[in-house]
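Trainee: Please pick one part of this model and give me a close look at it, starting from the chain as a whole so I can see where that part sits.

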Amino acid sequence: MQGRDKLLLRVDNMPLVRRVATNALATNCPLFVTLPAQNQPRLKALAGLALTQVEIETPQDGMAASLTAGLRVLPSGLRGVMVVLGDMPDVSVQDLRQLLAAFDTDSDKIIRATDTNNRPGHPVIFPARLFDDLAQLTGDTGARDILQAQDVISVVLPDANATP
């Protein structure tokens with residue numbers, strides 16, 4: 001990337017982070033975007049979208065800081081949360097809807113996107129019963145331990161949409 005912010009690279013004539021957010025909003029689900037407060041270019045790229053921006057207080061703490069920041073502001077009563085990474089340019093609105101449909105079928109299990117070779121990737125939907133476990137995460141491994149300890153339903157997305 002030669003020092004450039006990959007989330008600001010243009011995909012479909014817009015910054016990648018805006019493209020991913022626009023796709024997520026097309027599902028008609030509420031969208032919470034976690035970003036470090038000092039990252040003004042990313043915030044500017046999301047300007048005008050109907051989403052909730054959530055400040056990551058300690059971005060140096062890695063992926064867990066982003067997950068826990070987002071969880072703190074979720075409204076009560078949600079059945080689950082879909083974690084959509086901002087650097088996944090191939091995840092389409094249809095892919096997101098396919099994952100949501102799988103979650104509607106079994107909202108007690110984790111729903112995880114895979115590529116056509118069944119390699120696990122993103123997005124991932126976590127049921128509400130795991131919110132407390134997710135809130136305890138630390139470090140830069142994300143929810144890897146939770147994913148390994150739980151039943152996961154894999155949803156195959158086209159090509160390599162689910163993997164970088």
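Mentor: Happy to! For the charges, Lys and Arg count as positive and Asp and Glu as negative, with His and the chain ends left out, and each charge is placed at NZ of Lys, CZ of Arg, CG of Asp or CD of Glu. On that basis, the chain has 15 positive and 18 negative charges, whose mean positions lie 7 Å apart. The model is predicted, so local features need pLDDT of at least 70 and side-chain atom pairs pLDDT 80 or more, while totals for chains, interfaces and linings use all residues. Numbering starts from 1 along each chain as its sequence is written, and side-chain values use heavy atoms, without hydrogens or water.

Now the whole chain. Its secondary structure consists of six helices and eight strands (DSSP runs numbered from the N terminus: H or I of at least four residues, E of at least two). Along the sequence they follow the order β-β-α-β-α-β-α-β-α-β-β-α-α-β. A box of roughly 40 × 35 × 30 Å along the principal axes holds the C-alpha atoms. Of the 164 residues, 41% are buried (under 20% relative accessible area with a 1.4 Å probe, protein chains only; exposed is over 50%, partly exposed in between). Taking contacts (heavy atoms within 4.5 Å) between residues at least 6 apart in sequence, 62% join residues at least 24 apart.

The part I would pick is helix H4, residues 93-105. With 13 residues at 1.5 Å each, H4 should span 18 Å (1.5 Å times one less than the residue count), and its end C-alpha atoms, 19 Å apart, agree with that. Its buried residues are Val93, Asp95, Leu96, Leu99, Leu100, Ala102 and Phe103. These pack against helix H1 (16-25) and against four strands: S5 (80-83), S6 (110-114), S7 (120-127) and S8 (152-156).

Look at the H1 side of that packing. Asn23 belongs to helix H1 and is buried, at 13% relative accessible area. Beyond residues up to four places away in sequence, Asn23 touches Val91, Ser92, Val93 and Leu96. Two of these, Val93 and Leu96, are among the buried residues of H4.

Just before H4, the loop that follows S5 holds Leu85. Leu85 counts as partly exposed because its relative accessibility is 26%. Leaving out residues up to four places away in sequence, Leu85 touches Val20 and His122. Leu85 and Val20 sit 65 residues apart in sequence, yet their C-alpha atoms are 8.0 Å apart in space.
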